[in-house]
Amino acid sequence: MLKSIAASHGELRVTHIQPRRGLRVLDFRSLWEYRELLYFFCWRDIKVRYKQTALGATWALLQPFMTMVIFSVIFGRFAKMPSDGVPYPIFAYCGLLPWQLFAFALSETSNSLVGNAHLITKVYFPRLLVPVAGLLTGLVDFAIAFVLLIAMMFYYHLPIRSSILVIPFLLLFAIVSSLGVGLWLSALSVKYRDVRHVLPFITQFWLYATPVAYPSSLIPHKWRFLMGINPMSGVVEGFRWALLGTAHVDLGLMAVSVVSVLLLLAGGLAYFDRMEETFADLV
Amino acid sequence: MSETAIRVENIGKLYRLGSSKKYSTLRESIMQTLGAPRRVWNRLSGPKAAPKPEEWLWALRNIGFEVKRGELVGVIGRNGAGKSTLLKVLSRITTPTEGFADITGRVGSLLEVGTGFHPELTGRENIYLNGAILGMHRAEIARKFDEIVAFSDVERFLDTPVKHYSSGMYMRLAFAVAAHIETEILMVDEVLSVGDAEFQKKCLGKMGEVTRAGRTVLFVSHNLNAVEQLCNRVIMLEGGRIKTDSKDVRSVLTGYLFGADDDDNTTSWVNSKGQPANPCFTPQRFALVDSEGREVRNPIRNDADLWVEIDGEIEQADTSLCIGYVLTSHEGQVLYWTYHTDQRQSDWPNTTRGPVRLRSKFPKQLVNEGNYRLELMASLHFREWILEPGNNAPHITLVIQGGLSDSPYWMQMRPGLLAPVLDWQSVEAPKSAEDIISARNR
């Protein structure tokens with residue numbers, strides 16, 4: 001579709017515009033060129049997120065915290081859900097953090113193209129910036145909620161382990177997972193507004209398919225493999241391992257997760273790229 | 001420097017009607033996929049169902065031109081001629097269906113001012129955000145920040161969220177950012193049509209400054225005066241194709257204004273396309289008639305009894321409704337505006353609910369011989385335009401020839417926009433030259 005070729009035209013760059021044909025490698029060059037815009041998109045979303053709310057950024061704490069309370073009462077107290085030997089509240093909270101990051105990022109990316117329709121029809125920039133920016137905003141909420149997690153660990157007298165250093169990688173993993181799915185959904189939503197209605201359902205279903213409220217040790221061994229296809233189960237279990245030291249990481253499960261994420265992402269990027277040229281006409 | 005800045009080669013853009021406007025739902029798509037085998041079978045077994053050509057539209061076709069560095073090109077054409085699509089293709093918002101274009105240099109495109117302004121953010125924050133969206137770097141915005149603020153005149157409200165701005169302030173700030181883009185090539189679409197007259201003047205001035213700096217500009221506009229002032233070349237589009245591409249801006253614009261060889265060179269207009277419907281006033285007919293109400297044809301003598309008649313439909317009576325027309329000369333100079341509400345309120349003609357016919361006498365022997373354009377206008381006073389002159393409002397043409405005066409000495413057209421036959425009288429003259437002087441000294 002579009003290629004930017006650096007030409008020595010008196011140092012001026014030549015932009016070549018033509019109909020796109022076939023598959024195309026991701027245009028990292030133009031993404032890099034527009035990195036400042038990515039920064040501004042993130043900055044805008046963060047600034048605007050808690051404008052005109054009474055509680056402001058406290059929401060970033062309240063949401064996972066209240067969910068944890070509900071889970072603790074229903075699953076921990078009433079259903080007597082096992083929690084791999086750590087107190088159930090921190091067990092649940094530790095799973096909720098990466099989950100909420102994922103769910104938030106997923107909904108942000110999925111709605112990003114339609115939500116920024118006014119920009120897409122008026123200005124050129126690599127369209128990929130929009131879903132990616134939606135993704136990064138969730139990290140701020142995560143960081144706030146993470147502080148509470150550390151506080152809870154002190155409260156329950158749980159030691160901080162060196163394995164905490166794995167967290168950034170797990171975060172990256174969660175983000176890439178939501179990007180993989182989000183790219184599909186955002187590109188689809190340009191054409192089919194059904195996505196908006198399907199999304200809450202997907203998210204809810206996915207929550208129960210992920211060992212957030214329950215430990216993966218509850219699942220019979222022969223089904224673990226299936227569980228691994230869901231990348232978030234690897235992330236959630238990884239979080240608990242890194243912070244709480246529960247069980248050990250199931251490397252086989254992780255490997256399946258990694259493969260499934262990479263496939264999702266590659267497919268998402270290819271589909272997004274194919275649809276990119278029609279966004280402005282359809283959105 | 002006569003290097004090529006923009007080279008456009010045989011560009012075409014095909015739109016599917018319907019699908020570009022309507023959203024398809026997932027169900028339709030699934031049903032279509034499920035129905036595919038049957039369609040294939042039908043195609044193989046029966047005669048091929050012809051694809052409906054009317055579902056597709058070439059918004060642009062065979063567009064080719066070259067713009068040299070430093071040229072200021074105006075792109076004009078009626079609504080739907082493909083101006084905006086052309087700009088969208090060249091600014092990479094949408095891809096062409098065929099052909100290609102090479103653009104040398106950084107492109108700034110302004111399809112709208114204030115793109116990406118966020119109502120919750122302050123003026124200061126929006127300057128940065130909008131600047132970044134328009135392709136400026138952070139350092140660049142920081143460097144120009146003071147200049148932008150000075151141009152916009154909103155210093156006092158810099159830290160107020162723009163949702164509290166008046167629309168004028170908003171536009172000023174938005175344009176101020178846009179005006180400070182420093183790319184080699186600038187593509188502008190119709191952004192000057194907003195804001196009050198004072199601000200428009202300022203923007204035009206700024207645009208002029210920009211163009212004198214030797215940058216290449218592609219300027220799409222309905223504002224022909226602006227095109228004439230700014231551009232040294234004009235491309236006229238019609239039905240998605242280039243109709244005229246000329247450096248003789250003036251004559252192209254004149255031809256455009258009068259639709260030189262299309263059929264709207266007439267003295268009457270009838271609303272045949274079910275065009276602008278507005279509950280407060282929907283125009284039905286706009287015509288020149290004689291004193292018996294019969295439609296007249298061009299050319300018309302300057303001493304003829306001529307009336308301008310406007311028919312319309314009012315569904316919802318509004319006391320601030322103003323209906324009138326603009327008289328424009330062949331050269332695009334506005335001669336006057338007139339509204340049915342120009343006199344004392346008690347003398348206003350009735351405009352109640354239902355069909356309405358207004359008639360206004362065209363001044364006899366006021367304007368000179370020549371071609372004039374009458375453009376219908378209607379508005380809710382100080383609230384909104386129903387028919388805005390210059391924006392595809394219905395218009396008719398008046399050609400005045402002959403009937404300049406009854407004098408044997410004034411048979412030919414004289415210079416001047418106006419040719420009024422004024423009153424001359426003789427009064428009792430002083431006896432001598434001395435009397436004149438003494439009368440003055442007295």
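**Chains A and B, question by question**

B:Ala174 is found in helix α5 (residues 167–179) of chain B. The model is predicted.

Q: Is B:Ala174 buried or exposed?
A: The cut-off for a buried residue is 20 or more other C-beta atoms within 10 Å. B:Ala174 has 26 C-beta neighbours inside 10 Å, so its class is buried.

Q: Which residues is B:Ala174 in contact with, leaving aside its neighbours within four places in sequence?
A: B:Ala174 sits in helix α5 of chain B. Sequence neighbours within four places are set aside here. What remains is B:Val113, B:Gly114, B:Phe117 and B:Asn130.

Q: How far apart in space are B:Ala174 and B:Asn126, C-alpha to C-alpha?
A: In sequence, 48 residues separate B:Ala174 and B:Asn126. In space, C-alpha to C-alpha, the figure is 8.7 Å.

Q: Why is strand β13 of chain B largely enclosed by the rest of the structure?
A: This strand covers residues 321–329 and has nine residues. It is largely enclosed because the number of its residues that are buried is seven.

Q: Which strand of chain B is joined to β13(B) by nine bridges?
A: β13(B) pairs with β14(B), residues 334–339, over five bridges. The nine bridges go to another partner, which runs antiparallel to β13(B) and spans residues 370–380. In that partner, B:Leu374 stands opposite B:Leu327. The strand is β16 of chain B.

Q: Which residue of β14(B) stands opposite B:Val326?
A: β13(B) and β14(B) pair in the antiparallel sense. Across from B:Val326 in this pairing is B:Trp337.

Q: Which residue in the turn of the β13(B)–β14(B) hairpin has a positive phi?
A: Four residues lie between the two strands of the hairpin. One of the residues in the turn has a phi of about 90°. That residue is B:Gly332.

Q: Which element gives the largest share of the side of chain A that touches chain B?
A: The contact takes 30 residues from chain A and 40 residues from chain B. On the chain A side, the elements giving two or more residues are β1 (2–9), β2 (12–17), α2 (35–49) and α11 (251–282). The largest share is six residues, and its source is α2(A).

Q: How many residues on the side of chain A that touches chain B are charged?
A: That side divides into three classes. Nonpolar residues number 14 and polar residues five. The charged residues number 11.

Q: Which strand of chain B pairs with β2(A)?
A: The pairing is antiparallel and has four bridges. In it, A:His16 stands opposite B:Asp102. The partner covers residues 98–104 and is β4(B).

Q: Which helix gives the largest share of the largest nonpolar core?
A: This core has 140 residues, and B:Val73, B:Phe219 and B:Val234 touch the most other members. The largest share, 16 residues, comes from a helix spanning residues 88–115 of chain A. That helix is α4.

Q: How many residues are in the other core, which includes B:Leu288 and B:Ile400?
A: This core lies apart from the largest one. B:Ile300 and B:Leu376 are also among its members. Its residue count is 26.

Q: How many helices does chain A have?
A: From the N terminus on, the elements of chain A run β-β-α-α-α-α-α-α-α-α-α-α-α. Chain A has two strands, and its helices number 11.

Q: What share of the residues in chain A is buried?
A: Chain A has 283 residues. Buried residues make up 42%.

Q: Which residue is joined to B:Pro299 by a cis peptide bond?
A: B:Pro299 lies in the loop between β11 (282–289) and β12 (307–314) of chain B. Omega for the cis bond is about -10°. The partner is B:Asn298.

Q: What is the phi of A:Asp84?
A: A:Asp84 lies in the loop between α3 (58–78) and α4 of chain A. It is partly exposed, with 19 C-beta neighbours inside 10 Å. A:Asp84 is not a glycine, yet its phi is positive, at about 50°.

Q: Where is B:Asn10?
A: B:Asn10 has a positive phi of about 55° although it is not a glycine. With 13 other C-beta atoms within 10 Å, B:Asn10 is partly exposed. Its place is in residues 4–16 of chain B, strand β1.

Note on methods
Residues numbered from 1 in each chain as written. Chains lettered and ligands numbered in written order. Predicted model: local features only at pLDDT ≥ 70, side-chain atom pairs only at ≥ 80, totals over all residues. Buried ≥ 20, exposed ≤ 12 C-beta atoms within 10 Å, placed from the backbone. Pairing = 2+ DSSP bridges. Contact = placed C-beta atoms within 7 Å. Nonpolar A, V, L, I, M, F, W, Y, C, P; charged D, E, K, R; others polar. Core = buried A, V, L, I, M, F, W, Y, C linked by C-beta atoms within 7 Å.
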